Structures are given as structure tokens and as C-alpha cells.
Amino acid sequence: MSLVVQTRRESRPRRRWFADLSGLTKYPRPAALGIARTRVAELGPLRGLPALNRLYVDGSQVTDVSPLADLPRLRVLGLCDAPVTDLSPLADLPDLTWLRIDQAQSEHLGPLAERVADGRLELQIGMTGD
């Protein structure tokens with residue numbers, strides 16, 4: 001699995017190879033992570049990354065986004081083509097302003113619908129597998 005890690009001090013992200021997210025302990029303050037198109041299923045290790053503000057898990061095996069509720073600076077999140085149906089843990093993320101989900105996930109938008117309607121959250125709906 002390839003994991004792209006970018007810290008606040010780096011202008012260009014570095015690609016690193018991990019078997020799972022436990023390797024993130026070497027990068028205590030990443031600003032952005034790309035773990036798209038992987039077999040990653042567990043986001044628990046992200047709880048210790050409060051500086052994380054961009055996360056892309058499109059095409060992963062993630063089903064539970066509740067660990068993301070502990071990331072108060074998360075602004076950008078890509079979840080398209082991941083088997084996530086419960087989006088409610090994202091409702092209280094104060095800085096979340098952009099979310100990419102697929103058509104099937106949009107049926108579960110409930111807790112985020114008000115933020116989308118009043119313009120506080122930009123929603124991008126992609127097609128599964130794109």
C-alpha cells in the first residue's frame with residue numbers, strides 16, 4: 001500500500017509504503033494523507049493526528065469514520081467508493097468544508113444536510129468506481 005504523507009513544513013508530499021496505518025507514528029504532525037485505492041479498513045490510528053486537515057480514503061475498505069470525529073482541523077475529506085454509510089460522526093467537525101462521497105453514500109447525508117444547504121459544506125458526489 002502506498003501512503004502519501006505531507007507535513008506542514010513540506011512543499012511536496014512524500015510517498016511512503018505501509019502495510020497499515022500503524023506506521024503513521026513516525027509522522028506526528030501530517031497535514032494531509034492520501035490512502036486512496038487501498039485495502040485500509042481501520043482509521044483508528046488517525047486519532048493521534050490532530051493537525052490533519054486533508055484526508056483522501058476514496059476506494060478504500062473503510063466502513064467506520066467515527067475516528068475522524070477526533071480530528072477538529074479536518075477540512076477536506078474524500079470518501080467516494082468506500083463502504084461507509086454512517087456519516088453522522090462527521091457532523092460535528094467544525095472545519096469540514098469539502099466532502100466527496102458517491103451516489104450511494106448520499107442517501108445517508110442526513111446529519112450533514114443542513115451544512116450543505118446553508119453553504120458551510122461543499123459536497124461533491126462522484127460515481128462509484130470513478
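How many of the five residues of β3 are buried? Keep that in mind while you get your bearings; the tour reaches β3 shortly.

**Getting set up**

This is a predicted model, so note the ground rules: local features need pLDDT of at least 70, side-chain atom pairs count only at pLDDT 80 or more, and totals for chains, interfaces and linings use all residues. Residues are numbered from 1 along each chain as its sequence is written, and side-chain values use heavy atoms, with hydrogens and water left out.

Start by showing the whole chain as a cartoon. You should find two helices and seven strands, where helices (H or I, at least four residues) and strands (E, at least two) are DSSP runs numbered from the N terminus. Following the sequence, the pattern reads β-β-β-β-β-β-α-α-β.

Now colour by pLDDT, the predictor's confidence in each residue, from 0 to 100. The chain averages 82, and 77% of the residues score at least 70. Confidence is lowest in strand β1 (residues 2-7), with a mean of 46, and highest in strand β5 (residues 76-78), at 96. Over residues 1-8, pLDDT stays under 50, so leave that stretch out of the close-ups, since local features need at least 70.

**Stop 1: β3 and its neighbour**

Select residues 30-34, which are β3. Here is the reply to the opening question: five of the five are buried, so β3 is largely enclosed by the rest of the structure. Buried means under 20% relative accessible area, exposed means over 50%, and partly exposed is in between (1.4 Å probe, protein chains only). Across the chain of 130 residues, 48% count as buried.

Add β4 (54-56) to the selection. The two strands pair in the parallel sense over three bridges; pairing requires that DSSP finds at least two bridges between two strands. Click on Ala-32 and you can look for its bridge partner in β4, Arg-54.

Next, pick Asn-53, in the loop between β3 and β4. Asn-53 is buried at 7% relative accessible area. Its side chain makes a polar contact of 3.2 Å with the side chain of Arg-54. A polar contact is a pair of N or O atoms within 3.5 Å; within protein, one must be able to donate a hydrogen and the other to accept it, and residues adjacent in sequence count only if both atoms are side-chain atoms.

**Stop 2: β6, with a strand on either hand**

Select residues 98-102, strand β6. Five of its five residues are buried, so this strand too is largely enclosed by the rest of the structure. Turn on the side chains: Trp-98, Arg-100 and Asp-102 point one way, while Leu-99 and Ile-101 point the other way.

Then bring in the partners. β5 and β6 pair in the parallel sense over three bridges, with Val-76 matched to Trp-98. β6 and β7 pair in the parallel sense as well, over five bridges, and Asp-102 stands opposite Gly-126 in β7.

**Stop 3: Gln-105**

Move along to helix α1 (residues 103-106) and select Gln-105. Is this residue buried or exposed? Gln-105 is buried, at 2% relative accessible area. A polar atom of its side chain lies 2.9 Å from the backbone oxygen of Ala-82. Leaving aside residues up to four places away in sequence, Gln-105 touches Leu-79, Cys-80, Ala-82, Val-84 and Leu-87, where contact means heavy atoms within 4.5 Å.

**Stop 4: the salt bridges**

Side chains of opposite charge can pair when their charged atoms come close. The structure holds four salt bridges, each a side-chain nitrogen of Lys or Arg within 4 Å of a carboxyl oxygen of Asp or Glu. Here are some to select:

- Asp-81 and Arg-37, with the closest N and O atoms 3.6 Å apart. Asp-81 is in the loop between β5 and β6 and Arg-37 in the loop between β3 and β4, 44 residues apart.
- Asp-70 and Arg-47, with the closest N and O atoms 2.9 Å apart. Asp-70 sits in the loop between β4 and β5 and Arg-47 in the loop between β3 and β4, so the pair ties together parts that are 23 residues apart in sequence.
- Asp-118 and Arg-120, at 2.8 Å from N to O. Asp-118 is partly exposed at 43% relative accessibility, and Arg-120 is partly exposed at 44%.

**Last stop: Gly-119**

Finish on Gly-119, in the loop between α2 (113-117) and β7 (122-126). Gly-119 counts as exposed, at 60% relative accessibility. Draw a distance from its C-alpha atom to that of Thr-97, 22 residues away along the chain, and the separation is 8.8 Å.
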